[in-house]
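Subject: A structure for you to explore

Hi there,

Here is the structure I promised to pass on. Please open it next to this email and follow along as you read.

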Amino acid sequence: MADNGEVTFICPACGEAELPFPDNHEPSETNYTELSELHGCDHSKSVHFVYGNGHSSSFGGVILETPVEGSPRSRWVPPRTVIAFHFYQDQTYLAREEASPGFYPQPLFRNRMVIDGVENVFVAMTFLPHGETCTDEMRARGEQLAKAMR
């Protein structure tokens, strides 16, 4: 990642916080524990989310987000992380998100809502290592995140 000042990452422990990627850090050299310690959430005190001594480049991926208005941005998404997007509103795509090839993004939940007569679609997805399937807990988190974006 060339310019870390414009790149964010999702906390690999809780999967909910988005933080600026630290200067002078590269995904291939930054392990999950170090990224989660930057957030310091309660989940970061547990190591169940860490796969061996893996680094954040091993699995997960970069999401390239291209909003209709504004500049494109990148997010580094470690594995076992759930994120949500306000994807579609009243026949208009609000953003396009694409994962880097070779990773395992799996859609979790699509939530269609009509708000004040306007159709909105919210999408939550997860990145999982080794082709894992999402658990009921992860699916519930994706649903919660998608609903929270209205």
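One definition before we start: a residue is called buried when its relative accessible area is under 20%, exposed when it is over 50%, and partly exposed in between. Please also keep in mind that this is a predicted model.

With that cut-off in hand, have a look at E65 and R75, which are both buried. Their side chains meet in a salt bridge, with 3.1 Å from N to O. The pair links distant parts of the chain: E65 sits in strand β3 (residues 61–67), while R75 belongs to strand β4 (residues 73–77), and ten residues separate them.

E65 has another partner as well, since its side chain also meets that of R73 in a salt bridge of 2.9 Å, N to O. Are these two residues buried or partly exposed? E65 has a relative accessibility of 12%, so it counts as buried. R73 has 31%, so it counts as partly exposed. If you step back a little, you will find E18, E65, R73 and R75 linked in a network of salt bridges.

How many salt bridges does a search of the whole structure find? It finds seven. One of them joins K147 and E143, whose closest N and O atoms are 2.9 Å apart. These two residues are in helix α2, and because they are four residues apart there, about one helical turn separates them. K147 is partly exposed at 37% relative accessibility, and E143 is also partly exposed, with a relative accessible area of 28%.

Now for the nonpolar side of the story. The largest nonpolar core is made of eleven residues: V82, A84, L108, F109, M113, F122, A124, L128, C134, M138 and A146. Which elements give two or more residues to this core? They are β5 (81–89), β8 (105–115), β9 (118–127) and α2 (136–148). The largest share, three residues, comes from β8. You have already met α2 above, as the helix that holds K147 and E143.

C134 is a nice core member to click on. Apart from its neighbours within four places in sequence, C134 is in contact with Q106, L108, T126, L128 and R139. Among these partners, L108 and L128 belong to the largest nonpolar core too.

Have fun looking around, and write back with any questions!

Best wishes

Key. Residues numbered from 1 in each chain as written. Predicted model: local features only at pLDDT ≥ 70, side-chain atom pairs only at ≥ 80, totals over all residues. Heavy atoms only, no water. Core = buried A, V, L, I, M, F, W, Y, C linked by side-chain atoms within 4.5 Å. Buried < 20%, exposed > 50% of the residue type's maximum accessible area, 1.4 Å probe, protein only. Contact = heavy atoms within 4.5 Å. Salt bridge = Lys/Arg side-chain N within 4 Å of Asp/Glu carboxyl O.
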